[in-house]
Amino acid sequence: MRPPEPLYRLIIIIARVIFLINGYRFTMKGEANVPRRGGAVMAINHTGYLDFVFAGLSARKSRRWVRFMAKKSIWQHRVAGPIMRGLKHIPVDRHAGAGALAEATNRLRQGQIVGVYPEATMSRSFEIKELKSGSVRMAKDAGVPILPTIVWGAQRIWTKDVPKRLGRTNAPIHITVGEPIHVGPDDDVAEVTAHLRRVMKQMLDETLAAYPQPKGEELRFHPARLGGTAPTYEEAYSKDRKDMTRRKDQFSK
């Protein structure tokens, strides 16, 4: 029997009220791919600060809660820190991540769903970057599937280098959970990681094809290769890499 999650339930209720007030329009696909029991790694693309909130909604049809791996500095914030602890998310020290990896793997063995950003940091180009191998290694060690997940539209609300827009934006939010990727005990981690990236890139393209075509200022949140004015993959690379190596951010004391 699953333990009650009163705080998580409350946060979801509050979030849904805020979404309604702000006019967000959700399109969800693949919710049935989230297992009703047992562990799974939810591998999510990362374009905005609210990706994790939207990705977590995709598990509610299966009545599951997602424990997200996130940078440790968030736990230092006076408001966000207590919430992250209460929701049992997993802090990650980017410069010493072995402990977080072990904790996440243990959670998976316990039958939890763990949300991971395999790109390691937000993508300023909004493309799928090269993936770190941690998500595949965790799935392999715990013997659980990977759920490739795409969230699109969160970058229009709050992303890097652009003023956040938290009011009533009526932003379309598309969330897709792909078919589970199973990792065998003898599978090569690098090969599965490359396969995961190919799957996520294809899912992103399919999501973009179904998403309302942007115009005017909204082109800032659309990939350059498709006519948007977001930074190209190459232009964004150096800034993204700097974010991954820095010691302090907006949540650090």
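Strand β6 and strand β7 (residues 172-177) are joined by 4 bridges and run antiparallel; I150 of β6 has T176 of β7 as its bridge partner. Strands and helices are DSSP runs (strands E, at least two residues; helices H or I, at least four), numbered from the N terminus, and two strands pair if DSSP finds at least two bridges between them. The model is predicted, with local features requiring pLDDT of at least 70 and side-chain atom pairs pLDDT 80 or more, while totals for chains, interfaces and linings use all residues. Residues are numbered from 1 along each chain as its sequence is written, and side-chain values use heavy atoms, with hydrogens and water left out.

On β6 (residues 146-152), parallel pairing with β2 takes place over 4 bridges. Here V41 is partnered with I146, and I44 stands opposite T149. Strand β2 is also joined to β5 (residues 113-116) by 4 bridges, in a parallel arrangement, with M42 opposite G115.

Both β2 and β6 lie in the interior. Because 5 of the 5 residues of β2 (residues 40-44) are buried (under 20% relative accessible area with a 1.4 Å probe, protein chains only; exposed is over 50%, partly exposed in between), this strand is largely enclosed by the rest of the structure. Likewise, 7 of the 7 residues of β6 are buried, so β6 is largely enclosed by the rest of the structure. In a regular strand, side chains alternate between the two faces of the sheet. From β2, A40, M42 and I44 point one way and V41 and A43 the other; from β6, I146, P148, I150 and W152 point one way, and L147, T149 and V151 the other.

The largest nonpolar core (buried Ala, Val, Leu, Ile, Met, Phe, Trp, Tyr and Cys residues joined through side-chain atoms within 4.5 Å) has 34 residues, and V41, M69, I146 and L196 have the most contacts inside it. At least two residues of this core are supplied by each of β2, β4 (90-92), α4 (98-109), β5, α5 (134-142), β6 and α6 (189-210). The largest share, 7 residues, comes from α6. Apart from this core lies another, of 28 residues, including A15, V34, A171 and V177.

A search of the whole structure finds 1 cavity of 30 Å³ or more. The largest cavity, of about 40 Å³, is lined by W152, R156, Y211, P214, E218, F221 and H222. A cavity is a set of points on a 1 Å grid over the protein atoms alone where a 1.4 Å probe fits but cannot get out, and lining residues have an atom within 4 Å of a point; the volume is the space filled by probe spheres set on the points, which are joined across faces, edges and corners.

How values were computed. On a 1 Å grid over the protein atoms alone, a cavity is a set of points where a 1.4 Å probe fits but cannot get out, and a pocket is an open set with protein on both sides within 12 Å along at least five of seven lines; lining residues have an atom within 4 Å of a point.
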